[in-house]
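Student: I'd like to practise reading a model with you, one feature at a time. Can we start with the cysteines and work outward from there?

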Amino acid sequence: MNPIATLKMANGSRIVIELLPDAAPNTVASFIYIASRGLMDGHAIERIVPGSWIDVSYTGYGKEEARYLIPYESQLHPEIEPLDSHPGCVCMGGYGEAGLSGGEFFFPLRDLPEHKGIYPVFGRVTKGWEEILRLEKVETLPVTDFPYPGVEVNKPVEPQVILSVELDLGGQTFPDPVRMQHRDLPLTWQ
């Protein structure tokens, strides 16, 4: 049995994610590390790009403990064929050559073949897709002080809050994630 993560939203909805450790073992370990420490609890979703994706965070959840980078799965596990990114998947975000985020994930709203092998698919939504489609349609406003030029960032006018994340690891244990030595941290974390 694969581990399950349930995002409990402030509006009463739930998004259930089956985590895929065989597809992205270190990425799953990192997600579990952050979720099990409550670092996503009370977090308002930060970025919605209708027709493209919903980014849960780009600030490391505003918490120092969540602000770390992990290597790309292809560096740690070149033998694993990356999964295709499409609606229904859950993908970890990244920062180019710096590495992957430790826990900033997103929900693709369209097929993203250009992400294959870059932003690893580490889960799939098994329940609650209607909540993700609702989030895509909430009223947003542009973020004008985003530190990376040319990136579309819209935040919800009314905060869309993850109250908590419940994990069911099915009796399995997962190691702490392999982390990268800190280099230049993303500007959005500073």
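Tutor: Sure, and keep in mind that this is a predicted model. C91 is buried, with a relative accessible area of 0%.

Student: Which cysteine sulfur is nearest to that of C91, and how far away is it?

Tutor: The general idea is to check the sulfur-to-sulfur distance against a cut-off: a disulfide needs the two sulfur atoms within 2.5 Å. Here the nearest cysteine sulfur to C91 is that of C89, 5.6 Å away, and C91 is in no disulfide. The structure holds zero disulfides.

Student: Is C89 buried or exposed?

Tutor: C89 is buried, at 5% relative accessible area. C89 also has a bridge partner in strand 9, namely R124. That fits into an antiparallel pairing of strand 7 with strand 9, joined by three bridges.

Student: How do I read a nonpolar core, and which residues touch the most other members of the largest one?

Tutor: As background, nonpolar side chains tend to be buried together in soluble globular proteins. In this model the largest nonpolar core has 37 residues, and F31, F105, F107 and F122 touch the most other members. Several elements give two or more residues to this core, including strand 1, strand 2, strand 8 and helix 3. Helix 1 gives the most, with six residues.

Student: What is F31 in contact with, leaving aside its neighbours within four places in sequence?

Tutor: F31 is in contact with A5, L19, M40, M92, G102, F105, F122 and L167. Apart from that core lies another one, of nine residues, and C91 is among them, as are W53, L112 and V121.

Student: Back to helix 1, then. How many of its residues are buried?

Tutor: Helix 1 is mostly covered, with 10 of its 12 residues buried. F31 is one of the buried ones, and so are polar residues such as N26, T27 and S30. For the geometry, compare the expected span with the one in the model: at 1.5 Å a residue, helix 1 should span 16 Å, and its end C-alpha atoms are 16 Å apart, which agrees. After the helix comes G38, with a positive phi near 70 degrees.

Student: And in the loop that follows, is L39 buried or exposed?

Tutor: L39 is in the loop between helix 1 and strand 3, and L39 is buried, since its relative accessible area is 7%. Outside its sequence neighbourhood, L39 touches I34, Y61, K63, E65 and A66.

Student: How should I trace the strands around strand 1, and which way do they run?

Tutor: Follow the bridges from strand to strand. Strand 1 and strand 2 run antiparallel and are joined by five bridges; one pair to look for is A5 with I17. Strand 1 also runs antiparallel to strand 12, over six bridges, and there M9 is partnered with I162. Strand 2 in turn pairs with strand 9 in the antiparallel sense over four bridges, with L19 standing opposite G123.

Student: What about the turn between strand 1 and strand 2? Which residue there takes a positive phi?

Tutor: The hairpin has four residues between its strands, and G12 takes a positive phi near 95 degrees. A10 sits in that loop too and is partly exposed, at 48%. Sequence separation can mislead you here: A10 and V161 are 151 residues apart in sequence, yet their C-alpha atoms are 5.4 Å apart.

Student: Last topic, salt bridges. How many does the structure have?

Tutor: Side chains of opposite charge can pair when their charged atoms come close. A search of the whole structure finds nine salt bridges. In one of them, E18 and R124 meet at 2.8 Å, N to O. That pair links distant parts of the chain, with E18 in strand 2 and R124 in strand 9, 106 residues apart. E18 is buried, at 17%, whereas R124 is partly exposed, at 39%.

Student: Why are E131 and R134 separated by about one helical turn?

Tutor: Because they are three residues apart in helix 3. Their side chains meet in a salt bridge at 2.8 Å, N to O; E131 is buried, at 3%, and R134 is partly exposed, at 31%.

Student: Which residues are linked in a network of salt bridges?

Tutor: Look at E81, D84 and K116. Within that network, the side chains of E81 and K116 meet at 3.3 Å, N to O. E81 counts as exposed, at 58% relative accessibility, and K116 as partly exposed, at 33%.

Note on methods: Residues are numbered from 1 along each chain as its sequence is written. This is a predicted model: local features need pLDDT of at least 70, side-chain atom pairs count only at pLDDT 80 or more; totals for chains, interfaces and linings use all residues. Side-chain values use heavy atoms; hydrogens and water are left out. Two strands pair if DSSP finds at least two bridges between them. Buried means under 20% relative accessible area, exposed over 50%, partly exposed in between (1.4 Å probe, protein chains only). Contact means heavy atoms within 4.5 Å. The expected span of a helix is 1.5 Å times one less than its number of residues. A nonpolar core is a set of buried Ala, Val, Leu, Ile, Met, Phe, Trp, Tyr and Cys residues joined through side-chain atoms within 4.5 Å. A salt bridge is a side-chain nitrogen of Lys or Arg within 4 Å of a carboxyl oxygen of Asp or Glu.
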